[in-house]
Amino acid sequence: MGLKKQLDAAAQWAKRTIGTLYYVSRHPGTPWSAKVMALIALGYALSPIDLIPDFIPLLGYLDDVIILPLLVGLAVRLVPKDIVSACESEAREHPLSLKKQWGAAVVIVCVWLVLIALILKKVLAAVHG
């Protein structure tokens with residue numbers, strides 16, 4: 001399979017998966033732990049900030065190839081199969097518009113900033129403490 005076909009297949013998988021995770025996170029039967037994991041996976045997938053920046057050759061895309069599927073897999077494992085199936089159907093029937101959502105981007109950036117601030121606080125406390 002050519003690189004373009006692989007990238008197209010990966011993009012289609014990501015779009016379907018993001019839609020499914022969105023509906024999983026909103027489903028009333030989804031356990032709270034699965035909702036949290038689905039929201040983390042969604043936040044990571046839609047985040048404008050990557051753990052490893054994409055401009056770093058090969059490594060930049062490694063986090064998207066490894067971390068995102070792991071987060072998605074964990075989120076899906078925490079949800080009963082019948083709910084996942086219902087949410088997959090919902091995602092097919094009502095696909096999400098993945099146009100730029102500036103409000104969501106602001107929230108995601110704020111979460112990243114808070115996490116970075118907490119990590120820096122811990123590191124600085126360890127260095128100075």
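A single aromatic pair is present in this predicted model. The rings of Y22 and Y23 form it, with centres 5.1 Å apart. Their planes stand at 75 degrees, so the arrangement is edge-to-face. A pair of aromatic rings is described by the distance of the centres and the angle of the planes. For Y22 and Y23 the angle settles the class, because planes over 60 degrees apart count as edge-to-face.

The two tyrosines fall into separate exposure classes. Y22 has a relative accessible area of 29% and is partly exposed. Y23 has a relative accessibility of 17% and counts as buried. The cut-off matters here: buried means under 20%, so Y23 qualifies. The value for Y22 lies between that limit and the 50% limit for exposed residues, so Y22 is partly exposed.

Y22 belongs to helix 1, which spans residues 3–26. Beyond four places in sequence, Y22 touches L42 and L96. The partner L42 is 20 residues away along the chain, yet the C-alpha atoms of Y22 and L42 are 7.3 Å apart. Helix 2 covers residues 32–46.

The other partner, L96, sits in the loop between helix 4 and helix 5. Its relative accessibility is 25%, and L96 counts as partly exposed. With residues up to four places away set aside, L96 touches K15, I18, G19, Y22 and Y23. Both members of the aromatic pair are thus listed among the contacts of L96. The C-alpha atoms of L96 and K15 are 8.3 Å apart, with the two positions 81 residues apart in sequence numbering.

Two further residues extend this picture. H94 also has its place in the loop between helix 4 and helix 5. At 42% relative accessibility, H94 is partly exposed. The C-alpha atoms of H94 and Y23 are separated by 9.9 Å, and the residues are 71 apart along the chain. R92 is found in helix 4. With a relative accessible area of 59%, R92 is exposed. R92 and G19 are 73 residues apart in sequence and 8.0 Å apart from C-alpha to C-alpha. G19 is also one of the residues that L96 touches.

The chain as a whole has five helices and zero strands. Its elements therefore run α-α-α-α-α from the N terminus on. Of the 129 residues, 24% count as buried. Contacts between residues at least 6 apart in sequence were also analysed by separation. Of these, 66% join residues at least 24 apart. The accessible surface comes to about 9,400 Å². Carbon and sulfur atoms account for 71% of that surface.

In soluble globular proteins, nonpolar side chains tend to be buried together. The largest nonpolar core of this model contains 21 residues. Within this core, L21 and V79 touch the most other members. Helix 1, helix 2, helix 3 (59–77), helix 4 (81–93) and helix 5 each supply at least two residues of the core. Helix 2 provides the largest share, with six residues. Apart from neighbours within four places in sequence, V79 is in contact with V24, T30, A34 and V84.

Nonpolar side chains also occur on the surface. V107, V111, V114, L115 and L118 form a nonpolar patch there. Together these residues have about 440 Å² of accessible area. L118, one of the patch members, is found in helix 5, residues 102–128. Its relative accessible area is 48%, and L118 is partly exposed. That value does not exceed 50%, so L118 does not count as exposed.

Notes:
Residues are numbered from 1 along each chain as its sequence is written. This is a predicted model: local features need pLDDT of at least 70, side-chain atom pairs count only at pLDDT 80 or more; totals for chains, interfaces and linings use all residues. Side-chain values use heavy atoms; hydrogens and water are left out. Rings of Phe, Tyr and Trp (its six-membered ring) pair if their centres lie within 6.5 Å; planes under 30 degrees apart count as stacked, over 60 as edge-to-face and the rest as tilted. Buried means under 20% relative accessible area, exposed over 50%, partly exposed in between (1.4 Å probe, protein chains only). Patches are made of residues with over 30% relative accessible area and no salt bridge: like charges are joined within 9 Å, nonpolar side chains (Val, Leu, Ile, Met, Phe, Trp, Tyr) within 5 Å. Accessible areas come from the Shrake-Rupley method with a 1.4 Å probe; for residues, only the protein chains shown count as cover. A salt bridge is a side-chain nitrogen of Lys or Arg within 4 Å of a carboxyl oxygen of Asp or Glu. Helices (H or I, at least four residues) and strands (E, at least two) are DSSP runs, numbered from the N terminus. Contact means heavy atoms within 4.5 Å. A nonpolar core is a set of buried Ala, Val, Leu, Ile, Met, Phe, Trp, Tyr and Cys residues joined through side-chain atoms within 4.5 Å.
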